[in-house]
2 protein chains.
Amino acid sequence: MPNPTRRASDPVARRLSLYLRGLEELARAGRVSTSSGELAGLCGISAAQLRKDLSQFGSFGKRGFGYPVGELIPRLREILGLTRKWKVVLAGAGGLGNALAAYPGFSERGFDVVAVVDSDPAKVGQACGSVAIRDADDLEDAIRSEDADILILAVPAHAAQELAERGVRAGVRGILNFAPVRLNVPRTVPVNAVNLGLELEALAFVLAGRTTLR
Amino acid sequence: MPNPTRRASDPVARRLSLYLRGLEELARAGRVSTSSGELAGLCGISAAQLRKDLSQFGSFGKRGFGYPVGELIPRLREILGLTRKWKVVLAGAGGLGNALAAYPGFSERGFDVVAVVDSDPAKVGQACGSVAIRDADDLEDAIRSEDADILILAVPAHAAQELAERGVRAGVRGILNFAPVRLNVPRTVPVNAVNLGLELEALAFVLAGRTTLR
DNA sequence: CCATATTTGTGAGCCTTCTCACAAATCGCA
DNA sequence: TGCGATTTGTGAGAAGGCTCACAAATATGG
């Protein structure tokens, strides 16, 4: 179905991001074209899966030839919604917050951390990434004045729900939550949760031999 | 199928971890029993899903009554493989590495960071969490002398593959990878990848209106 | 220009996962 | 004890995602 603005499921979106990374790697290596087999291998996905994923959005390859790297990259960026800048406000300037603010992968993809807030008065005024830390009370101000799109929560579990609610009221459109709690927000605001403890537990589950074999 | 050592898929494992968290929260609140509806609501999962997940491992509830919080918690810990200690070696003492070493959720679940290594000589000897940072060359020594189970990679993308290979050769059984690259390791070594950039992109994909509606 | 090799795009079908609905079991109370 | 309310455990079926296999299209080489 050759529709460049087609909708797709979350697993597809994540794989598209992987493909984009793989393509950029190939481009850096000077490659002009690639095949579904090569790119899929690079991403650890089956070739058929890759072709099916891409075909949801259009017909980007040539039979007998493959995919043009230089053309496919901007197409994928467009599909993924990476042609615009996304303004991000970060709540929590602890270890994780600082690491996120410094993470180069964010700005490379057009995610700009426009403000950082923390509830610790001692941290206010200090630098976190490229911006100065503001008081947590200023969360709404920061979101409104910058017209921020996304709120990243890198705060303790007990503080997350309140900050999420305040962020939503101030106009944030999506939340990336690193706190190990389920957030209760309107269904119109998508929440993507990253639970670090859970990742380790899922790995232990495999090591304990409790997974269905692949 | 009432078998307490049954195998299950990865999504099930992740939900079991959520249930455990929810149950611990209920226990802290002094609750003695709960229903599938209540616990599932707490975790953002459907009640039927929760019952089906639990029923794979045994019959833990009483009809007309619910689930005994105090009994189910240790059962879940056992199923998840959390009754033993897991020894973790952390590679990379940058922002993310330090945050992970300090993350309380790890030690609470029996994951002990027994060593931290970094390639920066200036960092060697400094404290990271509760241990001293060692040189990256000592990775194998650290893994072997501590008989470590899990390697966490919190290093730049270009360093990840080499460290993964060395870790596997030194006897690590599983890897938690925060570097944005696909690792090439024997299939006997499970790899759990957490790609922070990808999480933000998946969120942007939703915000850009490209997801199939739920 | 023709034959052979390559590689995409995709329909059909499989397999896994999730949802629905209900019988069976237990509780609470009179 | 008996009856209605509650809640689990689970079979049946729906839904979704993934794999397979192949026709169609393009490249390559003689």
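Start by selecting A:Gly81, which lies just after helix α4 of chain A and has a positive phi of about 80 degrees. The model on the screen is a predicted one.

**Helix α4 of chain A**

Step back from the glycine and select residues 69–79, which form α4. Which residues of this helix are buried? They are A:Val69, A:Leu72, A:Leu76 and A:Ile79. Turn the view to look down the axis of α4(A): the buried residues fall within an arc of 85 degrees, so they line one face of the helix. An α-helix has 3.6 residues a turn, so residues three or four places apart point the same way. Now show what these side chains pack against. The buried residues of α4(A) meet α1 and two strands of chain A, β1 (33–34) and β2 (67–68).

**Helix α3 of chain A**

Next, select residues 47–55 of chain A, helix α3. Here the buried residues are A:Leu50, A:Asp53 and A:Leu54. Look down the axis again: the buried residues of α3(A) fall within an arc of 95 degrees, so they too line one face of their helix. To see what covers them, add α1 (10–28) and α2 (36–43) of chain A, which are included in that cover.

**The surface near DNA strand D**

Keep α3(A) selected and bring DNA strand D into view. How many residues surround this strand? There are 26, and the closest are A:Ser9, A:Arg63, A:Gly64, B:Gly61 and B:Gly64. Select these five, then colour the helices that take part. At least two residues of the surface near strand D come from each of α3 of chain A, α2 (36–43) of chain B and α3 (47–55) of chain B. The largest share belongs to α3(B), with five residues. Colouring this surface by residue class gives eight nonpolar, 12 polar and six charged residues.

**Chain A as a whole**

Hide the DNA and chain B for a moment. Chain A has nine helices and nine strands. Its C-alpha atoms fill a box of roughly 60 × 45 × 35 Å along the principal axes. Of the 214 residues in chain A, 45% count as buried. Take the contacts in chain A between residues at least 6 apart in sequence: 57% of them join residues at least 24 apart.

**Where chain A meets chain B**

Bring chain B back and select the residues in contact across the two chains. Chain A gives 52 residues to the contact and chain B gives 52 residues. On the side of chain A that touches chain B, at least two residues come from each of α1, α5 (95–102), α6 (104–108), β8 (174–177) and α9 (196–207). Which element supplies the largest share of that side? It is α9(A), with 12 residues. By class, the side of chain A that touches chain B divides into 29 nonpolar, 12 polar and 11 charged residues.

Now superpose the chains. A turn of 180 degrees, with a shift of 0.0 Å along the axis, lays chain A on chain B with an RMSD of 0.1 Å. This is the relation of a two-fold axis. Of the interface residues of chain A, 100% are also interface residues in chain B, so the copies meet through the same surface.

**A loop residue in each chain**

Select A:Asp147, in the loop between α7 (139–146) and β7 (150–153) of chain A. Its phi is near 55 degrees, a positive value in a residue other than glycine. Is A:Asp147 buried or exposed? With 9 C-beta neighbours inside 10 Å, A:Asp147 counts as exposed.

Move to B:Asp147, which is found in the loop between α7 (139–146) and β7 (150–153) of chain B. For B:Asp147, phi is near 55 degrees, again positive in a residue other than glycine. B:Asp147 counts as exposed because it has 9 C-beta neighbours inside 10 Å.

**Last stop: A:Glu140**

Return to chain A and select A:Glu140, in helix α7. This residue has 15 C-beta neighbours inside 10 Å and therefore counts as partly exposed. Leaving aside neighbours within four places in sequence, A:Glu140 is in contact with A:Arg166 and A:Ala170. To finish, draw a distance from the C-alpha atom of A:Glu140 to that of A:Leu26. These residues are 114 apart along the chain, and the two atoms are separated by 42 Å.

Key
Residues are numbered from 1 along each chain as its sequence is written. Chains are lettered from A and ligands numbered from 1 in the order in which they are written. This is a predicted model: local features need pLDDT of at least 70, side-chain atom pairs count only at pLDDT 80 or more; totals for chains, interfaces and linings use all residues. A residue is buried if 20 or more other C-beta atoms lie within 10 Å of its own, exposed if 12 or fewer, and partly exposed in between; C-beta atoms are placed from the backbone. Helices (H or I, at least four residues) and strands (E, at least two) are DSSP runs, numbered from the N terminus. The arc is that of the directions from the helix axis to the C-beta atoms. Two residues are in contact if their C-beta atoms, placed from the backbone, lie within 7 Å. A residue is near a molecule or strand if its C-beta atom, placed from the backbone, lies within 6 Å of it. Ala, Val, Leu, Ile, Met, Phe, Trp, Tyr, Cys and Pro count as nonpolar, Asp, Glu, Lys and Arg as charged, and the others, Gly among them, as polar. Copies are superposed by least squares on the C-alpha atoms of residues with pLDDT of at least 70 in both.
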